[in-house]
Structure formats: C-alpha cells, structure tokens
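Open the model in a viewer and keep the sequence panel in view. The stops below are given in the order in which to select them.

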Amino acid sequence: MDVRQTAEAVARASYGKLVAFLAARTRDVAAAEDALAEAFAAALSEWPAKGVPRTPEAWLLTVARRKLIDAARRRQTGAEAEPTLVLLTEELVDAAAGDAPIPDDRLRLMFACAHPAIDAGLRAPLMLQTVLGFDAAAIGSAFLVAPATMAQRLVRAKNRIRDAGIPFRVPEHDELAERLDAVLEATYAVFTEGWSDPAGTQPQARNLAEEGIWLGRLIASLLPREPEALGLLALMLHADARRDARRNAGEFVPLAAQDPARWNGALIDEAEELLLRASALGSPARFQLEAAVQSAHAARRLTGKTDWPAIVQLYDALLALTGSVVVAINRAVALAEAHSVAEGLAALEPLAQDARLAQYQPYWAARAALLARGGNAAAAAEAYQRAIGLEADEAVRAFLQRELLHLHDVKPDLA
C-alpha cells in the first residue's frame with residue numbers, strides 16, 4: 001500500500017473519531033474539521049519523504065491540535081484565548097503522544113448532531129459530514145439539494161452546535177430513549193438514501209447504504225444493551241441481504257418474486273442474532289418490529305412460503321405504535337395475502353382521504369395490484385398510470401408498465 005492509500009485508509013477509519021475527539025473538547029465542529037483537513041494535507045506532504053509514523057492517528061491528532069491552537073490565537077488574544085488553549089493542552093497532549101488510546105467520542109458527536117435544536121432534516125447530512133467525512137457536494141447530491149445550499153445549511157448547523165452550547169454527551173438514562181430515537185432515525189435516513197438506488201446508478205448515493213450500516217454497527221457496539229439500536233441494525237442487514245435479488249439483468253424484481261437463493265445468508269443470520277438479542281431485552285419498539293417483518297419474509301428461504309398471518313400481526317403492532325400511513329399500506333397488502341383481496345382493499349380505502357398519498361407511488365402501486373387481482377381492470381389501470389407517473393426509478397417504472405400492459409391477463413382473485 002502506497003502512502004496515499006495509507007493516508008486514505010487512516011482517514012476512512014479515523015476521521016470521525018478524531019473530529020469527535022477534538023470537537024467534544026473545543027465545542028467547535030467546523031474548527032475541528034478544518035484542523036483535521038490540514039493535518040491530512042500535511043500527511044500527504046510529509047509521509048512520502050519521512051515514512052508513515054508508528055501511530056498515524058496520534059500524528060494526525062498532534063498536527064490538528066497545533067492547527068487548532070494557531071487558529072485560536074489568531075481569533076483571540078490574552079485571556080480570551082485561554083479556555084480554548086487549556087482544552088487543547090491537557091488530554092490532547094496525552095492522546096497525541098500515542099502512548100494512550102484516543103477515546104472514541106463518535107457517539108457523543110452523533111448525539112450532538114441529532115440534538116433537538118438541530119433541524120430534523122439536517123441531522124443525517126450533518127452526521128454524514130462530521131462522522132464519515134462526506135463533503136457537501138456529495139451530501140447535497142444524495143439528498144437532492146444544491147451543493148452550495150447544503151454547504152450553507154451544514155455551516156449554520158455547526159454554528160448552532162457551537163453557539164448554543166449543545167453538549168457532546170450520551171444522554172442519561174431518563175432521556176436516552178427520546179434522544180436515541182433521533183440518532184437512529186438519522187442513521188436510517190442515511191441507509192435509505194442508498195437503499196433507494198439498488199442498481200447503483202447514482203454515484204452520489206452508491207455508498208450510503210453501506211455507510212448507514214457502518215453507523216448502525218458503531219451505535220450497536222457502543223450501546224449493546226439498547227434494543228432499538230440492535231433492531232435498527234437487524235433491519236438494515238435484512239434489507240441489504242436482498243440487494244442482489246432486487247434486480248435481474250437490470251429488471252426490478254418485487255420481494256414476492258425474488259429468488260431466496262440470491263439473498264445473503266450470512267447477513268440474514270447476523271440480523272437474526274441481533275433481533276434475538278434485542279427481544280431478550282424485553283422492550284419491543286418500532287425498529288425491532290420492522291426487523292421482525294423482514295425476518296418473517298426471510299424465513300421463506302427455509303420454509304418455501306411466507307407466513308402472512310404473522311406479518312399482519314406485526315403490522316398491527318406497528319400501526320398501533322406509530323400510526324404510520326406507510327405501515328397501513330403495507331398492512332393492507334399483507335391482509336390481502338393472508339385473508340382476501342377484499343379485506344386488503346377495504347383496509348386501503350380509508351387511506352384515500354389522506355392528501356399525502358396523492359404523490360406517494362407505493363400507495364398507487366399497491367392499490368393497482370389489489371384492484372387488478374379483484375377484477376377491476378379499469379380502476380387498476382388508472383392507479384397504475386398514477387404510480388408510473390410518480391416513479392423515478394427506471395427499472396421500477398418499467399415493471400409497472402409491464403403490469404399495466406398485462407393487466408387483462410390477471411385472473412381475478414375471488415377467494
């Protein structure tokens with residue numbers, strides 16, 4: 001491995017850890033990022049000539065610490081600079097010496113990024129930048145926001161952390177559940193941005209599913225007795241296990257038609273073990289229930305069939321817990337499979353009054369499929385056309401177009 005590859009490997013493994021360590025002590029995320037960027041630039045300049053240091057993380061921390069001190073002295077004078085300099089001369093000196101391990105404060109940084117004072121829509125992008133080192137251009141592209149706009153929003157969020165004195169800490173037990181939800185939601189948002197592009201056709205989103213799982217593993221390792229942290233990781237692993245099966249020669253393959261032999265058994269086994277650990281902790285909640293739904297689907301690789309009644313029960317629990325219209329749609333589809341198409345359509349009918357669903361493709365696709373199975377070809381065709389018009393993924397759109405084309409070949413399900 002050459003020096004540049006070594007530096008890139010250190011950056012990938014250590015970026016968030018070093019930013020978190022510095023920011024937690026200076027309360028300034030942007031300054032920590034700037035100092036670390038200069039440290040990596042120095043590494044690329046010096047390591048080729050002098051060799052890679054024995055402890056690269058400590059070397060980078062030493063340089064970044066000097067940069068922070070220089071910046072503090074430029075911004076402040078005399079007594080004004082003293083608090084910042086004290087923060088940078090005690091624990092940082094010991095860690096930079098390389099003789100003691102650098103504390104892992106990434107979870108503290110994630111809780112700061114997901115603080116209630118930070119806009120909910122910025123929590124996931126902020127974590128991508130501070131913990132994983134993504135630049136604003138990549139984040140903006142992934143979240144369909146102009147890079148310059150995203151950069152401005154991220155700067156304002158970091159200033160908010162500094163100016164409002166948002167603490168870098170894992171909350172106490174009595175407030176952990178509420179705050180942890182925000183961290184888990186932001187992590188899941190990272191994952192779903194990548195999951196929405198299964199074919200990898202969008203370079204800016206290609207690695208986000210992997211990064212979401214990486215964050216999930218980090219949270220689960222640091223909070224091993226938090227069942228929802230385990231449940232989220234199980235959910236993401238179950239979903240990722242089906243990645244290769246979602247496409248066949250570029251064509252979209254719905255879950256019911258996927259070949260279980262193409263699912264990743266190792267990821268499914270890991271997800272099942274996590275879900276078992278979570279259930280033993282006795283506090284079922286949203287991510288555990290969603291993972292349990294995926295587990296029920298995954299059981300088809302062993303039994304050859306899907307336990308739809310069990311899935312309906314899980315969706316009943318999820319709907320009672322969340323009131324989510326998305327859960328209600330999925331429950332209606334499961335009811336059609338477990339009992340009858342008429343029951344599925346009856347469950348969908350009240351949702352038609354929800355204005356949010358006018359532009360929600362999965363609702364129209366589910367409605368179209370159930371109407372087709374119920375023998376109402378005209379209404380099914382209208383719903384398919386709505387779904388096609390709302391779908392951005394070319395493979396899914398082509399699938400829906402084929403379903404519309406073969407609509408009259410569907411035999412009504414009169415059971």
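Start with Gly 282, just after helix H13, where phi is positive at about 70 degrees. Keep in mind throughout that this is a predicted model.

Now select H13 itself, residues 265-280. Its 16 residues reach 23 Å from the first C-alpha to the last, close to the 22 Å expected at 1.5 Å a residue. At the N-terminal end, show the side chain of Asn 264, which caps H13: one of its side-chain oxygens is 3.1 Å from the backbone nitrogen of Ala 266.

Which residues of H13 are buried? Colour Leu 267, Ile 268, Ala 271, Leu 274, Leu 275 and Ala 278. Because they cover an arc of only 125 degrees around the axis, they sit on the same side of H13. The general rule is that an α-helix has 3.6 residues a turn, so residues three or four places apart point the same way. Turn to the other side of H13 to find Ala 266, Leu 276 and Ala 280, which are exposed.

Next, show what the buried residues of H13 pack against: helix H11 (208-222), helix H12 (227-241), helix H14 (286-298) and helix H15 (300-303).

From that set, select H14. Its 13 residues should span 18 Å at 1.5 Å a residue, and its end C-alpha atoms are 18 Å apart, which agrees. H14 is mostly covered, with twelve of its 13 residues buried. Among them are the polar or charged side chains of Gln 288, Glu 290, Gln 294, Ser 295 and His 297, as well as Phe 287 and Leu 289. The packing partners of the buried residues in H14 are helix H10 (173-195), H12, H13, H15 and helix H16 (308-322).

Move to the largest nonpolar core, a set of 135 residues. Select Met 110 and Ile 219, the residues with the most contacts inside this core. Beyond four places in sequence, Met 110 touches Met 127, Val 131, Val 183, Thr 187, Leu 215, Leu 218 and Ile 219.

Helix H2 (residues 29-50) is the next stop, with Trp 47 in it. Trp 47 counts as buried because its relative accessibility is 2%, under the 20% cut-off. Measure from its C-alpha to that of Thr 6: the two are 41 residues apart along the chain and separated by 9.6 Å. Contacts of Trp 47 beyond four places in sequence include Val 3, Thr 6, Ala 7, Pro 53, Pro 56 and Trp 59.

Stay in H2 and select Glu 33. Is Glu 33 buried or exposed? At 9% relative accessibility, Glu 33 counts as buried. Away from its sequence neighbours within four places, Glu 33 is in contact with Tyr 15, Val 19, Gln 129, Thr 130 and Lys 158.

Two backbone details follow. Most residues other than glycine have a negative phi. Arg 27, in the loop between helix H1 (3-26) and H2, has a positive phi near 65 degrees. Arg 27 is partly exposed, at 36% relative accessibility. Ala 249, in the loop between strand S1 (247-248) and strand S2 (251-252), also has a positive phi, near 55 degrees. Ala 249 is exposed, with a relative accessible area of 81%.

Finish by colouring the chain by pLDDT, which averages 87, with 89% of the residues scoring at least 70. Then select residues 199-206, where pLDDT stays under 50 and the model has nine contacts beyond four places in sequence.

Technical notes: Residues are numbered from 1 along each chain as its sequence is written. This is a predicted model: local features need pLDDT of at least 70, side-chain atom pairs count only at pLDDT 80 or more; totals for chains, interfaces and linings use all residues. Side-chain values use heavy atoms; hydrogens and water are left out. Helices (H or I, at least four residues) and strands (E, at least two) are DSSP runs, numbered from the N terminus. The expected span of a helix is 1.5 Å times one less than its number of residues. Buried means under 20% relative accessible area, exposed over 50%, partly exposed in between (1.4 Å probe, protein chains only). The arc is that of the directions from the helix axis to the C-beta atoms. Contact means heavy atoms within 4.5 Å. A polar contact is a pair of N or O atoms within 3.5 Å; within protein, one must be able to donate a hydrogen and the other to accept it, and residues adjacent in sequence count only if both atoms are side-chain atoms. A nonpolar core is a set of buried Ala, Val, Leu, Ile, Met, Phe, Trp, Tyr and Cys residues joined through side-chain atoms within 4.5 Å. pLDDT is the predictor's confidence in each residue, from 0 to 100.
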